[in-house]
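Trainee: Could you take me through one part of this model in detail? I would like to understand one strand and the partners beside it.

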Amino acid sequence: MIYRFCSLCSAELAENKEGNLGCTRCSFVNYRNPRPTATALVLHNNKLLLTKRAREPFKNWWDLPGGFLHRNETPDVGALRELKEETGLDIKIIKQFGIYTGTYPSDTEPFDIISIVYVAESPTANLGAYDDVCESRWFSKQEIPSEIAFDSNQTIIKDFLKVWN
Ligand SMILES: [Zn+2]
């Protein structure tokens, strides 16, 4: 575990029955529940947008665009923001695709994530690659790589391939 001491009173933390780290002296709790992310299945001319990761974990792996929600941010707004930041696209959300769980690997402490996934359309094929993305590309159904970053995204892609015409 990464946090050993209370950030309020410096006493030791101990794992409680919910898997959180509670202070052994005061009421502080370091919550370790899943962290929410927004992910988008973006289509243009029936091709799916994948982004290549510029950083670890999964550096240089193809990934679904998206990311962690900011404080006070709704998932749909988070998806729009992430797509703009990573690719420059102003996507249009069509519908919610599903909610998925997974693990975010980390050298210090891997943690659980919940991905809220949208189906979206892009008005243009013109792509950029910014922020934590080093390349972005449109893939036909036949071109989708067999290995995608993150266990949750593997499942999302597998489910999407079943309904993608
Ligand atoms: Zn404390």
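Mentor: Happy to; what follows starts with the whole chain and then settles on strand S9 and its partners. Keep in mind that this is a predicted model. The chain holds ten strands and two helices, and from the N terminus the order is β-β-β-β-β-β-β-α-β-β-β-α. Its C-alpha trace spans about 60 × 30 × 25 Å along the principal axes. The domain assignment splits the chain into domain 1 (1–32) and domain 2 (35–163), and the C-alpha centres of these two domains are 33 Å apart.

Now to S9, which covers residues 111–121. On one side of the story is S4, residues 35–44, which runs parallel to S9 and is joined to it by nine bridges. The other partner is S8, residues 92–104, which pairs with S9 in the antiparallel sense through eleven bridges. S8 and S9 make a hairpin, and six residues lie between the two strands.

A good residue to click on is Ser115 in S9. Thr37 stands opposite Ser115, and Ser115 is also the bridge partner of Tyr100. Following Ser115 therefore brings you to both pairings of S9, the parallel one with S4 and the antiparallel one with S8.

To put this back in the setting of the whole chain, take the contacts between residues at least 6 apart in sequence: 57% of them join residues at least 24 apart. As for burial, 27% of the 165 residues are buried.

Methods. Residues numbered from 1 in each chain as written. Predicted model: local features only at pLDDT ≥ 70, side-chain atom pairs only at ≥ 80, totals over all residues. Domains from an automatic or database assignment. Helix = DSSP H or I, 4+ residues; strand = E, 2+ residues; numbered from the N terminus. Buried ≥ 20, exposed ≤ 12 C-beta atoms within 10 Å, placed from the backbone. Contact = placed C-beta atoms within 7 Å. Pairing = 2+ DSSP bridges.
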